[in-house]
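Q: Please take a close look at a single part of this structure and then work outward from there. I would like one connected account rather than a list.

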Amino acid sequence: MNATVNAVEMRGISKSFNGVTVLTDVDFDVRSGEVHALAGGNGAGKSTLMKIMQGVYQPNSGEILVEGEVVKITSIQAAKTAGIGMVFQEFSLVPSLTVAQNIFLNAESLNRAGLINDSEARRRAREIFADMEVEVDPRAEVARLGTAYWQLTEIAKALAQNARVLIMDEPTASLAKHETEALFALIGRLKARGISIIYISHRMDEIYRIADRITVLRDGRKLFTEPLTEITPEQIIEGIVGKKIEGQLSYRVREAAESDTEPLLEVRGLSAGTRVKEVSFTLHAGEIIGLAGLMGSGRTELARALFGIDRIDSGEVLIRGKKARLSSPQRAINAGLALIPEDRRDQGLVLDHSVRDNLLLPLLGQIGNGPFLSAEKGKLLADSLIKQFAVKVDNPGRAVSLLSGGNQQKVVLAKWLGTNPDVLILDEPTAGVDIGTKSEILDRVRALADEGKGVIIISSEYPELLAISDRVLVVRDGSVIRDIPRNEIVDEEALQLVVQGV
Ligand SMILES: Nc1ncnc2c1ncn2[C@@H]1O[C@H](COP(=O)(O)OP(=O)(O)OP(=O)(O)O)[C@@H](O)[C@H]1O
Ligand SMILES: [Mg+2]
């Protein structure tokens, strides 16, 4: 192995879509066995650069070298052949197939008829997982597994195709703490085998833990590439945001909600499906409740039941003391609830509709008179939301699917925060949102609570949960096992211990 040859090198990459320049003359290189972090604000061009490396898009100019040789990466297949694999931000597995079948889908282990030889696939999958030192059952149907296993399956799939370079686009966005730890340990082992990892993340702590070097993009240009030993987090953040930003997320003591008044929301013995069991709690006007729990603890299911997506089997929900029938999202909305879902692509947006239409969707009743929406009013309102939430879009009439991941998330947030719900449920609201916008979003949530709304927030990021919550409910195995006032939680570590049941 030649230490001076890069595993992959991109030179002078430029890319535009419909005349809009997204990347300008970007140089980027990854060494063998290196973890290289790629950072930048929402819409800076990270995913696009990696999609070019991965053969999804062709650059307008520039070239790619693999192990020192210029390679034309004209398709995803060509990238795979060149040893470049990707773990997608949105997963690309077939849910109805097993883990083993997914790993070897379209691979050479197919027999003549193009069918996967199941026992052979299982045997090889088992070998790969053993090499990765993780435990995944190759026979399990993917649909039944949690996100962390999807990811492991994607990684195994790339390794089965002999990937030497693995691109991970925000891999921890939907992982619980212990799953993140497991992923980091795995990254360490892959690295030791000489595999290079490109790691896209908005989380500074992760970048410092696992990456060797970092490249920061801003507005489609490379700002710098530096070893992490030679640069401070403040310098990186300043590079990403383009200015100095003040302090970290911190809790602001808010006026305590009056607990003797009638609760805004009261949940009594709520059970739904197999994941929500006998949940009871109250939420007062002006209060922000954080739901802490491991991935799969039932937090998302609780939110879905409250919002009328999943059927409530028993128990009741009272809104301002009156029993509410939450049998559909429309009923929940009418009762004054709003849910900002975790899975923005499935539930939060109509992807082929414009940014503007998506923003205005839940607001239709508020603009204009009757069923007719005043186009002019709609435009102004959408423009103001775009500005408030710093959504990066040159033309609000364009399809929302063309926005970067983080900007799509901002549209979801803006859309729902623009309605006027009494109770707002937020599921991982800042996942994928860049550092420059995170604290603004939390400020907006606080402002809503200050106006007398009730807020329920699910977040796997403890600093965020502790910064925003007045009370924390700890959910385990579908039940609320603790209800703790914020001032009784000393720090992140203390919360983590409770969540893990230590
Ligand atoms: N297929 C496309 N057509 C038009 N514009 C696109 C397309 N794909 C990406 N863009 C635009 O390119 C810019 C960069 O997007 P990209 O997804 O690379 O950002 P990113 O750095 O990954 O951001 P995030 O942190 O939000 O994921 C955005 O302004 C986006 O709207
Ligand atoms: Mg992206």
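A: In this predicted model, helix H6 covers residues 177-192, and its 16 residues should span 22 Å at 1.5 Å a residue. The C-alpha atoms at its two ends are 23 Å apart, which agrees with that expectation.

Which residues of H6 are buried? They are Glu179, Leu183, Ile187 and Leu190. Around the axis of H6 these residues cover an arc of only 85°, which puts them on the same side of the helix. The spacing behind such a pattern is general: an α-helix has 3.6 residues a turn, so residues three or four places apart point the same way.

The cover over the buried residues of H6 is made up of both strands and helices. Strand S3 (35-39), strand S7 (165-169) and strand S8 (196-200) contribute to it, and so do H5 and helix H7 (204-210). Just after H6, glycine 194 takes a positive phi of about 90°.

One of the buried residues of H6, Ile187, is also a member of a nonpolar core of 62 residues. Phe129, Ala211 and Ile435 are included in that core as well. Phe129 leads to another helix, since it is listed among the buried residues of H4.

Helix H4 (residues 118-132) has 15 residues. From its first C-alpha to its last it reaches 21 Å, close to the 21 Å expected at 1.5 Å a residue. Besides Phe129, the buried residues of H4 are Ala121, Arg122, Ala125 and Ile128. Seen down the axis of H4, the buried residues fall within an arc of 125°, so they line one face of the helix. Ser119 and Ala130 are exposed, and they are carried on the face of H4 turned away from its buried side.

Among the elements that cover the buried residues of H4 are helix H3 (99-103) and helix H5 (147-160). H5 also appears in the cover over the buried residues of H6. Just after H4, glutamate 133 takes a positive phi of about 60°.

Alanine 121 gives a residue-level view of H4, the helix in which it is found. This alanine counts as buried because it has 23 C-beta neighbours inside 10 Å, where 20 or more are needed. The C-alpha atom of alanine 121 is separated by 6.7 Å from that of glutamine 101, a residue 20 places away along the chain.

Two loop residues can be set beside this. Asparagine 162 is found in the loop between H5 and S7, and both of those elements help to cover the buried residues of H6. Its phi is near 60°, a positive value in a residue other than glycine. Asparagine 162 is exposed, with 10 other C-beta atoms within 10 Å. Asparagine 18 lies in the loop between strand S1 (8-17) and strand S2 (20-30). The phi of asparagine 18 is also positive, near 50°. With 8 C-beta neighbours inside 10 Å, asparagine 18 counts as exposed.

The core that holds Ile187 is separate from the largest nonpolar core, which has 71 residues. Within that largest core, Leu306, Leu337, Val411, Ile425 and Val455 touch the most other members. Helix H14 (residues 405-417) supplies the largest share of the core, six residues. At least three residues of the core come from each of domain 2 (262-336 + 421-502) and domain 3 (347-420). Leaving aside residues up to four places away in sequence, isoleucine 425 touches Ala303, Leu306, Phe307, Leu337, Ala338, Leu339 and Ile456.

The remaining division of the chain is domain 1 (8-241). The C-alpha centres of domain 2 and domain 3 lie 25 Å apart, and ten residues of domain 2 are in contact with nine residues of domain 3.

For the chain as a whole, there are 17 helices and 20 strands. Its radius of gyration is 24 Å, close to the 23 Å that the globule rule gives for 502 residues, so the chain is as compact as a globular protein of that length. The C-alpha atoms fill a box of roughly 70 × 50 × 50 Å along the principal axes. Of the 502 residues, 45% count as buried. Among contacts with a separation of 6 or more, 68% are between residues 24 or more positions apart.

Note on methods
Residues numbered from 1 in each chain as written. Chains lettered and ligands numbered in written order. Predicted model: local features only at pLDDT ≥ 70, side-chain atom pairs only at ≥ 80, totals over all residues. Helix = DSSP H or I, 4+ residues; strand = E, 2+ residues; numbered from the N terminus. Expected span 1.5 Å × (residues − 1). Buried ≥ 20, exposed ≤ 12 C-beta atoms within 10 Å, placed from the backbone. Arc of directions from axis to C-beta. Contact = placed C-beta atoms within 7 Å. Core = buried A, V, L, I, M, F, W, Y, C linked by C-beta atoms within 7 Å. Domains from an automatic or database assignment. Rg over C-alpha atoms; globule rule 2.2 N^0.38 Å.
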